[in-house]
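New to this one? Here is a quick briefing to read alongside the sequence and the 3D view.

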Amino acid sequence: MTAFLDIDLGAVVANWRLLAGMTKGEAASVVKADAYGLGAARVAPALAAAGCTTFFTAHLAEAVALREILPDARILALNGVAPHSAAAFIAHRLTPVLGSLHDVEQWRAAAGRLERKLPAFLHLETGMNRLGLSVQELTVLREEPARLEGIVVDTVMTHLIAAEMPDDPRNRDQLARFLALAGQFPGAKRSIANSPGSFLGEAFHLDLIRPGAALYGLNTSPAQAQPMRPAVRLRAPILQIHDIQPAPRLAMAVPGPRSARAGSPPSAWAMRMDCIAAFQIAAARFLTIPRFPW
């Protein structure tokens, strides 16, 4: 007896097509973390067959593995160019997302060694406070343009901080801030929309949207109706079903009325249950699901 996680590649493709149909620009696919755990080796080829040509990973190792599967796609690594990693980017025809002056220097030096220009995305910090070139670093690049010698800035990008809340004024403020900073790189394409950002309207689509979680069926905009098809389904055998009396003593009680952790709900809620079922989800781990009579 075991549990099964069914992965619907058709749903992933349908979700990408829905998002691609919303924008006049390009729709990429974010397949970092092994396509959010669904398996990049199967998800990415399905998306490529549907027409996706640009894929984002987090790490260089993910990008290298993806190149073996997708020989012709444009593949980017979001986490920049670590020391001594430029050669691997070049050998596998990968494009880095440069998010610091150190990344820029590593890629400029690689272009100098090869005596040819190399493409890159630039990640600008506009409020996420995670990855990205700060305003101070952008000032350095403006005042010292030689730092970008040999680098072809294909696209400048940033990451929205409040896109899950469509009415949050920070979305428009961040878009305006990004467009002002992106003006430092005339001719470069622009990208700001992640999954929830793709639902903020055409003004946020720009040249490239970068959906990730939405591809896999997650509702990344809870304030709006869920437009994405579910891409996974968990099936598990029922090991036991118990009828219970009011206020039983349940093992492994977890605080909170609707906890999703393994174990049983607290007795205050058990008083309103008439039946519980134990499912086998993984070896030596069980999930107890209550059935509420209301």
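Strand S5 (residues 74-77) and strand S6 (residues 95-98) run parallel and are joined by 2 bridges. Keep in mind that this is a predicted model. From that pair of strands we can move out to the whole sheet, then to the cores, one helix and a couple of loop residues.

**The sheet**

- Look at Ala77 to find one of the links to S6: its bridge partner there is Pro96.
- Zooming out, the sheet is an open one built from 7 strands, and its order reads S3-S4-S5-S6-S7-S8-S9.
- The pairing in this sheet is parallel.
- Strand S3 (29-30) and S9 sit at the edges, so to speak, each pairing on one side only.
- As a bit of background, strands in a sheet pair by way of backbone hydrogen bonds, and they can do so parallel or antiparallel.

**The nonpolar cores**

- Nonpolar side chains tend to be buried together in soluble globular proteins.
- Here, the largest nonpolar core counts 64 residues.
- Leu47, Phe55, Trp107, Leu122, Leu124 and Val156 are the residues with the most contacts inside that core.
- Helix H3 (residues 40-50) gives the most to this core, chipping in 6 residues.
- Take Leu122 as an example: setting aside neighbours within four places in sequence, Leu122 touches Leu98, Val104, Leu133, Val153, Thr155, Val156, Met157 and Phe185.
- There is also a second, separate core of 9 residues, with Ala28, Phe56, Leu76 and Leu78 among them.

**Aromatic pairs**

- You can find 3 aromatic pairs in the structure.
- In one of them, Phe56 and Phe121 have ring centres 6.0 Å apart and planes at 70 degrees, so this pair is edge-to-face.
- The two partners come from distant parts of the chain, 65 residues apart: Phe56 belongs to strand S4 (residues 54-57) and Phe121 to strand S7 (residues 118-123).
- Both Phe56 and Phe121 are buried.

**Helix H3, side by side**

- The buried residues of H3 are Ala40, Val43, Ala44, Ala46, Leu47 and Ala50.
- They span an arc of only 160 degrees around the axis, so they end up on the same side of H3.
- What do they pack against? The buried residues of H3 meet helix H1 (9-20), S3, helix H2 (32-36), S4 and helix H4 (60-69).
- Turn to the face pointing away from the buried side and you get the exposed residues Ala41, Arg42 and Ala49.
- Right after H3 comes Gly51, with a positive phi near 120 degrees.

**Two loop residues: Ser198 and His159**

- Ser198 is in the loop between strand S9 (189-191) and helix H9 (202-205).
- Is Ser198 buried or exposed? Its relative accessibility is 1%, so Ser198 counts as buried.
- A polar atom of the Ser198 side chain lies 2.8 Å from the backbone oxygen of Asn194.
- Not counting neighbours within four places in sequence, Ser198 is in contact with Leu19, Met22, Ala193, His205 and Ile209.
- His159 has its place in the loop between strand S8 (151-157) and helix H8 (169-182).
- With a relative accessible area of 19%, His159 is buried too, because the cut-off is under 20%.
- His159 and Gly127 are 32 residues apart in sequence, yet 8.0 Å apart in space, C-alpha to C-alpha.
- Again leaving out neighbours within four places in sequence, His159 has contacts with His123, Thr126, Met128, Arg130, Gln174, Asn194 and Arg210.

Technical notes
Residues numbered from 1 in each chain as written. Predicted model: local features only at pLDDT ≥ 70, side-chain atom pairs only at ≥ 80, totals over all residues. Heavy atoms only, no water. Core = buried A, V, L, I, M, F, W, Y, C linked by side-chain atoms within 4.5 Å. Buried < 20%, exposed > 50% of the residue type's maximum accessible area, 1.4 Å probe, protein only. Helix = DSSP H or I, 4+ residues; strand = E, 2+ residues; numbered from the N terminus. Contact = heavy atoms within 4.5 Å. Phe/Tyr/Trp six-rings, centres within 6.5 Å; stacked < 30°, edge-to-face > 60°. Polar contact = N/O pair within 3.5 Å; in protein donor to acceptor, adjacent residues only side chain to side chain. Pairing = 2+ DSSP bridges. Arc of directions from axis to C-beta.
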